[in-house]
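Thanks for making time. I'll go through one chain, starting with a sheet and then moving to charges and packing.

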Amino acid sequence: RDGVAGLGRLHALAAADGQLWVAGDAGAARYDHESRIWTRYLQPADIPEGPVRDVLPAGDDVWLATPAGALRLRWRF
């Protein structure tokens, strides 16, 4: 529950490669099953505009659907 705190109303879930992604009004969050750590990407610090309507993990990147269009975040360096 703490991982999605601050996201507001939730819109979408996606899972891939041991990661769970959650999209919400104020951003997106990623849960890593192995480390059991949540990482949040919030607006306006990480995401220019919300709400995040959908989320699509793609390897080292994640695509977020926002009102401004698609946003690609590189989450794994």
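Two strands count as paired here if DSSP finds at least two bridges between them. Keep in mind throughout that this is a predicted model. With that rule, strand S6, residues 61–66, pairs with S7 in the antiparallel sense, over 6 bridges.

Those two belong to an open sheet of 3 strands, in the order S5-S6-S7, with antiparallel pairing. Strand S5, at 54–58, and strand S7, at 69–74, are the edge strands; each has a single partner strand, so one side of each has no neighbour in the sheet. From one strand to the next, the twist averages 20°. As general background, strands of a sheet pair through backbone hydrogen bonds, either parallel or antiparallel.

Now look at Asp61, in strand S6. Which residue of S7 is its bridge partner? That is Arg74. The two side chains also form a salt bridge, with the closest N and O atoms 2.6 Å apart. Arg74 sits in strand S7, and the two residues are 13 apart along the chain.

Asp61 has a second salt bridge, to Arg72, at 3.9 Å from N to O. Arg72 is also placed in strand S7, 11 residues from Asp61. Taken together, Asp61, Arg72 and Arg74 are linked in a network of salt bridges.

Is Asp61 buried or exposed? Its relative accessibility is 10%, and the cut-off for buried is under 20%, so Asp61 counts as buried. The arginines come out otherwise: Arg72 is partly exposed at 49%, and Arg74 is partly exposed at 45%.

How many salt bridges does the model have by this rule? The count comes to 3. One that I have not yet described joins the side chains of Asp25 and Arg9, at 3.9 Å from N to O. Asp25 is in the loop between strand S2, 19–24, and strand S3, 27–32, while Arg9 is in the segment before strand S1, 10–16; the two are 16 residues apart. Asp25 is partly exposed, with a relative accessible area of 28%. Arg9, at 54%, counts as exposed.

On to the packing. The largest nonpolar core has 13 residues, and the members that touch the most others are Trp21, Tyr41, Val55, Val62 and Leu64. Strands S1, S2 and S6 are the elements that give two or more residues to this core. The general expectation is that in soluble globular proteins nonpolar side chains tend to be buried together.

Take Val62 from that list. What does Val62 touch, once residues up to four places away in sequence are set aside? Its contacts are Trp21, Val55, Leu56, Pro57, Leu71, Arg72, Leu73 and Trp75. Two of these have come up as core members, Trp21 and Val55, and Arg72 has come up as a salt-bridge partner of Asp61.

Last residue: Thr66, which also lies in strand S6. Thr66 is buried, with a relative accessible area of 13%. What does its side chain reach at 2.8 Å? The backbone oxygen of Gly69. Beyond its neighbours within four places in sequence, Thr66 is in contact with Ile47, Glu49, Pro51 and Val52.

To recap strand S6: it pairs with S7 over 6 bridges, and it is among the elements that give two or more residues to the largest nonpolar core. That's what I have; questions are welcome.

Definitions and conventions
Residues are numbered from 1 along each chain as its sequence is written. This is a predicted model: local features need pLDDT of at least 70, side-chain atom pairs count only at pLDDT 80 or more; totals for chains, interfaces and linings use all residues. Side-chain values use heavy atoms; hydrogens and water are left out. Helices (H or I, at least four residues) and strands (E, at least two) are DSSP runs, numbered from the N terminus. Axes are lines fitted to C-alpha atoms, for helices over the stretch in contact, and angles run from 0 to 180 degrees between N-to-C directions. A salt bridge is a side-chain nitrogen of Lys or Arg within 4 Å of a carboxyl oxygen of Asp or Glu. Buried means under 20% relative accessible area, exposed over 50%, partly exposed in between (1.4 Å probe, protein chains only). A nonpolar core is a set of buried Ala, Val, Leu, Ile, Met, Phe, Trp, Tyr and Cys residues joined through side-chain atoms within 4.5 Å. Contact means heavy atoms within 4.5 Å. A polar contact is a pair of N or O atoms within 3.5 Å; within protein, one must be able to donate a hydrogen and the other to accept it, and residues adjacent in sequence count only if both atoms are side-chain atoms.
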